Amino acid sequence: MAVALINPNSTAAMTATMTEVARHAAPELSIEGITSTKAPAAIQGPTDGAAAEPYLLELVSQTAAQGAEGIIIGCFDDTALLAASKRVPCPVVGIGQTAFHYAALRNWSFSVVTTLSVSVPVIEANIAAQGLTGFQRRVRASDVPVLELEHAPEAAAQRILQEALVAQEQDQIDALILGCAGMTTVVEKVRNALDIPVIDPVVCATQSLRWLLSR
């Protein structure tokens, strides 16, 4: 089945990383990574999301017209997810959306470790809009800019890990969600250090879409 994984930002390296993770998570799907080349280099908060939205929606329409059977929005803010899902007939899922629902389906309370504090209100609003606030304990900012995950991965990973450890110790949670598409590169490092499940949103989105396409 043909699936488009659309990165709403213009950082092609992030698209490539997400696509590799998604293909490994669902090898039976034919997954094409697509970069929104006219968008901001990173989506950090509502201003960047608003700037990225028109280009993302254009790509959603194009990929559906070209035969995509499913679309993944590869940004944890779930940029333009509702508008995209109403624009095309195929399933459209967001990596944040599916991570939250995965935790809820397991009856896990969760915290999110994201990048900058400017993204916290966006993520909290998305969780509330999906009726899942009862599972949320806290959305934490690691103060790691999105592009540092590409340019300074070791330092970024260490700061994310530190915040994840604090969440495990303080938040009384069953699971931790990594709140950025670029954090796929640090999943194993965080998993190895924590005693609770660590949820990779790119994997969640891919496997959720596989399930939707099988119905």
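**Exercise 1.** Where is the place of Gln-172? Find its burial and its contacts as well.

*Solution.* Gln-172 sits in the loop between helix 7 (153–170) and strand 7 (175–178). Helices (H or I, at least four residues) and strands (E, at least two) are DSSP runs, numbered from the N terminus. The model is predicted: local features need pLDDT of at least 70, side-chain atom pairs count only at pLDDT 80 or more, and totals for chains, interfaces and linings use all residues. Residues are numbered from 1 along each chain as its sequence is written, and side-chain values use heavy atoms, with hydrogens and water left out.

Next, burial. Gln-172 has a relative accessible area of 72%, so Gln-172 is exposed. The cut-offs are under 20% relative accessible area for buried, over 50% for exposed, and partly exposed in between (1.4 Å probe, protein chains only).

Last, contacts, meaning heavy atoms within 4.5 Å. Apart from neighbours within four places in sequence, Gln-172 touches Ser-109, Arg-137 and Ala-167. Gln-172 and Arg-137 lie 35 residues apart in sequence, and their C-alpha atoms are 7.8 Å apart in space.

**Exercise 2.** Describe the surroundings of Ser-111 and Arg-140, starting from Asp-171.

*Solution.* Begin with the polar contacts. A polar contact is a pair of N or O atoms within 3.5 Å; within protein, one must be able to donate a hydrogen and the other to accept it, and residues adjacent in sequence count only if both atoms are side-chain atoms. The side chain of Asp-171 makes such a contact with the side chain of Ser-111 at 2.7 Å, and another with the side chain of Arg-140 at 2.8 Å. The Arg-140 side chain also has a polar contact with the side chain of Glu-163, at 2.7 Å.

Now place the two residues. Ser-111 belongs to strand 5 (residues 110–114), and Arg-140 to strand 6 (residues 136–141). Ser-111 counts as buried because its relative accessibility is 0%. Arg-140 is buried because its relative accessible area is 3%.

Then add contacts beyond four places in sequence. Those of Ser-111 include Arg-137, Arg-138 and Ala-167. Those of Arg-140 include Val-112, Val-113 and Ala-167.

**Exercise 3.** How do helix 1 and helix 9 pack?

*Solution.* Two packed helices are described by the angle between their axes and the distance between the axes. Axes are lines fitted to C-alpha atoms, for helices over the stretch in contact, and angles run from 0 to 180 degrees between N-to-C directions. Helix 1 (residues 12–25) and helix 9 (residues 201–213) have axes 9 Å apart, at an angle of about 45°. Helix 1 is therefore oblique to helix 9. Angles under 35 degrees count as roughly parallel, over 145 as roughly antiparallel, 65 to 115 as roughly perpendicular and the rest as oblique.

Met-18, Val-21, Ala-22 and Ala-25 of helix 1 meet Val-202, Val-203, Thr-206, Gln-207 and Arg-210 of helix 9. These residues divide into six nonpolar, two polar and one charged. Ala, Val, Leu, Ile, Met, Phe, Trp, Tyr, Cys and Pro count as nonpolar, Asp, Glu, Lys and Arg as charged, and the others, Gly among them, as polar.

**Exercise 4.** At what angle do helix 4 and helix 9 cross?

*Solution.* Their axes cross at roughly 85° and come within 8 Å. Helix 4 and helix 9 are therefore roughly perpendicular to each other. Ile-95, Thr-98, Ala-99 and Tyr-102 of helix 4 meet Pro-201, Val-202, Cys-204, Ala-205 and Ser-208 of helix 9. The contact has seven nonpolar, two polar and no charged residues.
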